[in-house]
Amino acid sequence: DEGKDHLVLARRFSRWDAKLDNTAISILSDVLTDTNDSPLTRALLEKNLAQDVSMDLLDGRLQPAFVLWVENMADSRREEVRQVIRDTVRGLVEHGIGREDLEAAINRQAFRFKEPREPQGLRRNFLALSSWLYGGDPALYLTWDETIAQLRQKLDTRYYEELLARLLLEEGDLSVLRVTPSKTLAEEQRQAEADAILDKIRKS
């Protein structure tokens, strides 16, 4: 169980209808953590602080949540992990995120929107529900040309850096979850189930 802890940083970030910001978070996730050479992943791997890092937006709900996962790390180095995340993000915010990397991520996202994975009909139904469930236009997440154009226009601004700072440098409402492995959990669960069955038998 050594080096198997997980660290999760999360925050409620936006609304279901914040289409531009929600899509931009996917772009940032792609650029920062998609491969071992991505800036945030590389910073942690080079220091042997973790085995994998990923970012995502849990969307399709009233209040989407931004989440950063750091997997398989030593609990004793938890604060070091958080400091490397802060330093890396601060450097990207101050010096800028590579525009070529951002543009490539936007292009990949645009392709995914135009050629969704199968079953396409089912996936489009879920996309429609992402807004329709909350009183919005069912077509909001079915059309993407305008959003992709806006994302490209933002390449000439500080939009992506400012968004990243809001996600990972503001501590205010950031939730931190540490998940630790257990060698006894399965046995504890079996024992709890056995005790519950015996208790039910005694009462019957």
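Asn-48 sits out in the open: with 63% relative accessibility it counts as exposed. You'll find Asn-48 in the loop between α2 and β2, and its phi is positive, about 55 degrees, even though it isn't a glycine. Keep in mind that this is a predicted model. Zooming out, the chain has eight helices and four strands, and the rest of this briefing walks through how they fit together.

**The chain as a whole**

- Reading along the sequence, you get the pattern β-α-α-β-β-α-α-α-α-α-β-α.
- The C-alpha atoms fill a box of roughly 70 × 45 × 35 Å along the principal axes.
- Of the 204 residues in the chain, 37% are buried.
- About 12,200 Å² of the chain is exposed, and carbon and sulfur atoms supply 49% of that.
- Take the contacts between residues at least 6 apart in sequence: 73% of them join residues at least 24 apart.

**The sheet**

- Four strands make an open sheet in the order β2-β3-β1-β4, and the pairing is antiparallel.
- The edges are β2 (52-58) and β4 (175-179), each of which pairs on one side only.
- On average, and ignoring direction, neighbouring strands in this sheet are turned by 15 degrees against each other.
- As a quick reminder, strands of a sheet pair through backbone hydrogen bonds, either parallel or antiparallel.
- Strand β1 (residues 5-12) and strand β3 (residues 65-73) run antiparallel and are joined by seven bridges.
- On the other pairing of β3, seven bridges tie β2 to it, again antiparallel.
- β2 and β3 form a hairpin with six residues between them, and Gly-60 in the turn has a positive phi of about 75 degrees.

**A closer look at β3**

- Seven of the nine residues in β3 are buried, so the strand is mostly covered.
- What stands opposite Leu-68 in β3? Leu-9 does, and so does Met-55.
- Ala-65 in β3 has Arg-12 opposite it.
- Asn-72 is also part of strand β3, and its phi is positive, near 60 degrees, in a residue other than glycine.

**Helices against the sheet**

- Helix α1 (residues 19-33) lies across β2 and β3, running at about 175 degrees to β2.
- Helix α2 (residues 39-46) packs on the sheet too, touching β2 and β3, with its direction making about 150 degrees with that of β2.

**The enclosed helix, α7**

- Why is α7 (residues 159-168) described as largely enclosed by the rest of the structure? Because eight of its ten residues are buried.
- The buried set in α7 is Tyr-159, Tyr-160, Glu-161, Leu-163, Leu-164, Ala-165, Leu-167 and Leu-168.
- Those buried residues pack against elements from both strands and helices: β1, α1, β3, α3 (78-95), α4 (99-114) and α6 (145-153).

**Gln-109, a buried residue in α4**

- Gln-109 lies in helix α4.
- The relative accessible area of Gln-109 is 9%, and the cut-off for buried is under 20%, so Gln-109 counts as buried.
- Setting aside neighbours within four places in sequence, Gln-109 is in contact with Thr-23, Ser-26 and Ile-27.

**From the α4-α5 loop to a surface patch**

- Glu-118 and Pro-119 are joined by a cis peptide bond, with omega about 0 degrees.
- Pro-119 is in the loop between α4 and α5.
- Most residues other than glycine have a negative phi, and most peptide bonds are trans.
- Leu-122, Phe-126, Leu-129, Trp-132 and Leu-133 form a nonpolar patch on the surface, with about 560 Å² of accessible area together.
- Leu-129, one of the patch residues, belongs to helix α5 (residues 120-132).
- Is Leu-129 buried or partly exposed? Its relative accessibility is 34%, so Leu-129 counts as partly exposed.

How values were computed
Residues are numbered from 1 along each chain as its sequence is written. This is a predicted model: local features need pLDDT of at least 70, side-chain atom pairs count only at pLDDT 80 or more; totals for chains, interfaces and linings use all residues. Side-chain values use heavy atoms; hydrogens and water are left out. Patches are made of residues with over 30% relative accessible area and no salt bridge: like charges are joined within 9 Å, nonpolar side chains (Val, Leu, Ile, Met, Phe, Trp, Tyr) within 5 Å. Accessible areas come from the Shrake-Rupley method with a 1.4 Å probe; for residues, only the protein chains shown count as cover. A salt bridge is a side-chain nitrogen of Lys or Arg within 4 Å of a carboxyl oxygen of Asp or Glu. Helices (H or I, at least four residues) and strands (E, at least two) are DSSP runs, numbered from the N terminus. Buried means under 20% relative accessible area, exposed over 50%, partly exposed in between (1.4 Å probe, protein chains only). Two strands pair if DSSP finds at least two bridges between them. Axes are lines fitted to C-alpha atoms, for helices over the stretch in contact, and angles run from 0 to 180 degrees between N-to-C directions. Contact means heavy atoms within 4.5 Å.
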